[in-house]
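Trainee: Got a minute to go through this model with me?
Mentor: Yes, put it up.

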Amino acid sequence: MIKVTIWNEYLREKSREDVAKVYPDGIHGAIADGIRQEGFAIHTATFNEPEHGLTQEVLNDTDVLIYWGHAAHKEFNDAIVDRIYKRIHEGMGLIVLHSGHHSKLFQKLMGTSCDLLWREADEKERLWVADPSHPIVEGIGPYIDLPEEEMYGEHFDIPVPDELIFISWFEGGEVFRSGCTYRRGQGRIFYFRPGHENYPTYHNKEIQRVISNAVKWTAPVKREKTFYGFHEPLEQIKK
Ligand code: ZN
């Protein structure tokens, strides 16, 4: 059973009525409901919990971390960023959603600013599948239409992705690399763009399916811990 921790900042749902209307149980609640039928063991954590709810114990018991944040990136504790970063290198999977692109964690993993263009104009987004062979798009058609979303546009200041899974088109004319995979150490990372807090994106069945597929894809490969450092020869070395 894959152990998933859904981390959501959970500040806008409490401070803005329009967001609370779309996500009465929080964004983390909607994502949990959307992927629960896959049989994952789901835990949720939020910014205002002690250590942002991401203690070493919680991370040690997490196979895949899903991360949504926006308003409090600067206030996120640096020591906890380092702790998550280390767990990813050890093999924990990470799914970074939407405005998580500007989190300290994602910037540290990418080594770039992760800047982009943005606009809130209730416009249509069409996410085209750019890699139909990839497990993350299992069960998904040629594209996903979202009637209203925030626009994110190129240039997106990220390293060239290992795999480009989705390319978004927006009604206003921009395009964006909306689904990108990376490997860092033994961990797999998936960045997935949609999910501005006042649109019902995480109630969309296809978006939920992509997140479920991504949990399975980013889950760690079970094997003994990789060894680094001095190594005794396996065979006798002839002098
Ligand atoms: Zn947003």
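Mentor: We can take the metal site, the cores, the cysteines and one helix in turn, bearing in mind that this is a predicted model.

Trainee: Metal first. Which residues are the protein donors of the zinc ion?
Mentor: His-98 through NE2, Glu-150 through OE and His-196 through ND1, at 2.0 to 2.1 Å from the zinc. Their spacing in sequence is H-x51-E-x45-H.

Trainee: And where do the two histidines, His-98 and His-196, sit in the chain?
Mentor: His-98 is in the loop between β4 (93-97) and α6 (104-110), and His-196 is in the loop between β9 (187-192) and α7 (205-218). They are 98 residues apart, so the pair links distant parts of the chain.

Trainee: Is His-98 buried or exposed?
Mentor: Buried, because its relative accessibility is 0%. His-196 is buried too, with a relative accessible area of 1%.

Trainee: Switching to the nonpolar core. Which residues touch the most other members of the largest one?
Mentor: Ile-66 and Tyr-202, out of 35 residues. The element that gives the most to this core is α7, with six residues.

Trainee: What does Ile-66 touch?
Mentor: Leaving out residues up to four places away in sequence, its contacts include Val-4, Ile-6, Trp-7, Ile-31, Ile-95, Leu-97 and Ile-211. Apart from that core lies another of 33 residues, among them Trp-7, Ile-80, Ile-84 and Phe-156.

Trainee: Cysteines next. How many disulfides are there?
Mentor: Zero, searching the whole structure.

Trainee: Why is Cys-114 not in a bond?
Mentor: Because the closest cysteine sulfur, in Cys-180, is 10 Å from the sulfur of Cys-114, too far for a bond. A disulfide here needs the two sulfurs within 2.5 Å. Both residues are covered: Cys-114 is buried at 0% relative accessible area, and Cys-180 counts as buried at 1%.

Trainee: Back to α7. How many of its residues are buried?
Mentor: Ten of 14, so the helix is mostly covered. Among them are Ile-207, Val-210, Ile-211, Ala-214, Val-215 and Trp-217, along with polar residues such as Gln-208 and Asn-213.

Trainee: What span should α7 have, at 1.5 Å a residue?
Mentor: Its 14 residues should span 20 Å, and the end C-alpha atoms are 20 Å apart, so the two agree.

Trainee: Last one. What does the side chain of Asn-204 reach at the start of α7?
Mentor: The backbone nitrogen of Glu-206: a side-chain oxygen of Asn-204 comes to within 2.8 Å of that atom.

Conventions: Residues are numbered from 1 along each chain as its sequence is written. This is a predicted model: local features need pLDDT of at least 70, side-chain atom pairs count only at pLDDT 80 or more; totals for chains, interfaces and linings use all residues. Side-chain values use heavy atoms; hydrogens and water are left out. Donors are N, O and S atoms within 2.8 Å of the metal (3.2 Å for Na, K and Ca); water is not among the atoms, so sites may look incomplete. Helices (H or I, at least four residues) and strands (E, at least two) are DSSP runs, numbered from the N terminus. Buried means under 20% relative accessible area, exposed over 50%, partly exposed in between (1.4 Å probe, protein chains only). A nonpolar core is a set of buried Ala, Val, Leu, Ile, Met, Phe, Trp, Tyr and Cys residues joined through side-chain atoms within 4.5 Å. Contact means heavy atoms within 4.5 Å. The expected span of a helix is 1.5 Å times one less than its number of residues. A polar contact is a pair of N or O atoms within 3.5 Å; within protein, one must be able to donate a hydrogen and the other to accept it, and residues adjacent in sequence count only if both atoms are side-chain atoms.
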